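Here's a quick briefing to read with the model open beside you. We'll start with a question, then go topic by topic.

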Amino acid sequence: NGTLYNANTIEEFNNYDKKSILRNVGLETIYNKIVNQEWLKNPNELTHFLLLTFADLKQHAFHYWFAFPSLSLSDMEIKYEKSELLNEEIQLKLQNELLTFKSNHSKEEHGFYLIIENENSYQIKSLSEFENVINGNEKYYLGFSDPSALNEYPSMILRNYLLASYLTFKKDLFNVIAFRQDQSLLLKNVKITTSIENIENIQELKDKISVIGWEKNTKNKLGPRFTNMGSTMDPIKLAESSVTLNLQLMKWRMFPTLNLDKLGKTKCLLIGSGTLGCHVARNLMAWGIFNITFVDRTRVSFSNPVRQPLYEYEDCLNGGKDKASCAAEHLRRIYPNVNVQSHSLDIPMPGHFITDRQKTLESYKKLHDLIEEHDVIYLLTDTRESRWLPSLIGIRKKKIIINAALGFESYLVMRYGVYGDNSNDNNNNDSTNENNDEFKEMTSKRLGCYFCNDVVAPVNSTKDRTLDQQCTVTRPGVSAIAGSLAVELLVSLTHHPEYKYASAYNPTSQNNDGHVESDLGVVPHQIRGSISNYQTNLLYGSSYNQCTCCSPIVLQNYAKDDFNFLERCFNDSKYLEELTGLKQLHEQTLKLLQDFDYSSEEE
Ligand SMILES: [Zn+2]
């Protein structure tokens, strides 16, 4: 049993009068039970403790101080002649007797016993039988269960026990057996002395009782202890430490150069939170990348949940939840420590005529700022032309751009080349201070973008199309594969010494164009695969100088005229082809290859 004092504030905890509450508890519980002899029926009252606590529940920090009140009568001293360990035979006999006693007596009486010895046999009785059993010459012991871990010394419990026995039985000499799990301790001729001569009326001795017993703390001083249970009490912190530990295991066992710090700081913008967006987000989290922003403009529809693992049926009701914020909400449910944002945003597209200039300008600015704030831009939308503007802004801002696109049974995952090289970054040449000189071809090959293989500018692909053409119809496994690869590609890049400027593995080149591997192996430019034959191929493609997105002429015009340039691209579907010379090329090619029918690649 114990008494708990729980303070509501740390001040209250500190201001408790420790001396007086200890004395009060000692007198009211232990001493009173000795006076009215209740302790004989419930001797465990002698071990009554006191606990003072203050719990800072927000921090899961606990201040606590235990006291085990130990009572003394004026100048009380306890001395014993000698202590010895009981031999095995007696130990065994006593243990058997103890079992019998415990089965015949209530729990309150366990722990403190009267032991009577008669010609090498032992009997264990309740202390309440003392007056009846002990008349004169019987050989007896006071027994108690001793929690002490010290071989030769009994625990402090014995002090209260002896005081109670002294005052109750009016005897000052006892033999004591301290019961222990393995070998019990015998204390011979334990003598109690005090300066009080008359102990007949113990009621009046109350003032002569002193109480000590506050526990020392870890510094071996009288003072409270402190424990921070944050990591075990707060499930969110528990989740965090478990996730971190899991990743650290990978570092320790398989991948010593795993840069968890860099991954943890990487900010990813996911444009499109459909099938690909869901898979990419989950794989990012698995790698410990927790800065994730979703951009989408649609709502969750009934067809989504079975294919898009962040949504559920309930999300589709009442017209469907806003997709980006719904995805964010689910990420938080999976892992509350994730730093996730969401934005519902219409992405302006070339060939989609602007009807509301102000609104389009605002959308552009928002997208521009989002891209600027992030390190990695994932292009995960389901149309070609919706990738154009984020590609263009991302290239201008020299971000890592990873594009994933799906066909019915095929997929493409690629990263874009970045203008410039590492030396630009080292010179603190901030990308926001870019000038037109920056967007010129370098001597080293820059990797191509998604539009480099096109000979037509992106147009409104959903116009005049039937439903099955507008929606991406794919074999379901394709998006999970592409989503995983899109994240693995980023992680490989993160562990490459050249980071976003890393040259690409070129499978067709003799010397791989001097490609340096990352700590995780090769860092390809494009990964194309198909589940019709379950094959994956790595492709390498340099940038195309007439590309409608990443070519210097487009970047230079965009950097010069900003939104005015974009406005022309949105409103005039042929402008980009004219600017890049594609239109001219197109006409020439058509003339040359009049009989040759080619089709552009399907997503
Ligand atoms: Zn390009």
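Is Glu-215 buried, partly exposed or exposed? Its relative accessibility comes to 26%, so Glu-215 counts as partly exposed. Keep in mind that this is a predicted model. Below are the salt bridges, a buried strand with its neighbours, and the contact between two domains.

**Salt bridges**
- The rule turns up 20 salt bridges in total.
- One of them joins Glu-215 and Arg-225, with the closest N and O atoms 3.6 Å apart. Glu-215 sits in the loop between strand 10 (209-214) and strand 11 (225-228), while Arg-225 is in strand 11, ten residues apart.
- Arg-225 is partly exposed too, at a relative accessible area of 24%.
- Glu-372 and Lys-397 make another salt bridge, and here the closest N and O atoms are 3.3 Å apart. This pair links distant parts of the chain: Glu-372 belongs to helix 11 (residues 357-373), and Lys-397 to the loop between helix 12 (388-396) and strand 16 (400-406), 25 residues apart.
- Lys-397 has just 6% relative accessibility, so this lysine counts as buried, the cut-off being under 20%. Glu-372 is partly exposed at 28%.
- Lys-560 and Asp-561 also meet through their side chains, at 3.8 Å from N to O. Lys-560 is exposed at 55%, and Asp-561 is partly exposed at 34%.
- Glu-312, Asp-315, Lys-321, Glu-329 and Arg-333 are tied together in a salt-bridge network.

**Strand 13 and its neighbours**
- Strand 13 covers residues 291-296, and six of its six residues are buried.
- Asn-291, Thr-293 and Val-295 point one way, with Ile-292, Phe-294 and Asp-296 pointing the other. That fits the usual pattern, because side chains in a regular strand alternate between the two faces of the sheet.
- Strand 12 (residues 267-271) pairs with strand 13 in the parallel sense over five bridges, and Cys-268 stands opposite Ile-292. Between these two strands the chain runs through helix 9 (residues 275-286), giving a right-handed β-α-β crossover.
- Strand 14 (residues 339-344) is also parallel to strand 13, over six bridges, and Gln-341 is the bridge partner of Thr-293. With helix 10 (residues 323-334), these two strands make a right-handed β-α-β unit.

**Domain 1 meets domain 2**
- The domain assignment lists domain 1 as 2-70 + 228-232 and domain 2 as 78-193.
- Contacts involve 14 residues of domain 1 and 18 of domain 2.
- Together they bury about 1300 Å², 66% of it on carbon and sulfur atoms. On the domain 1 side, Trp-39, Leu-40 and Ser-70 lose the most area, together 37% of what that side buries.
- How many salt bridges cross this interface? The rule finds zero.

Definitions and conventions
Residues numbered from 1 in each chain as written. Predicted model: local features only at pLDDT ≥ 70, side-chain atom pairs only at ≥ 80, totals over all residues. Heavy atoms only, no water. Buried < 20%, exposed > 50% of the residue type's maximum accessible area, 1.4 Å probe, protein only. Helix = DSSP H or I, 4+ residues; strand = E, 2+ residues; numbered from the N terminus. Pairing = 2+ DSSP bridges. Right-handed = clockwise from strand over helix to strand, strands pointing away. Domains from an automatic or database assignment. Contact = heavy atoms within 4.5 Å. Buried area = accessible area lost by both parts, 1.4 Å probe. Salt bridge = Lys/Arg side-chain N within 4 Å of Asp/Glu carboxyl O.
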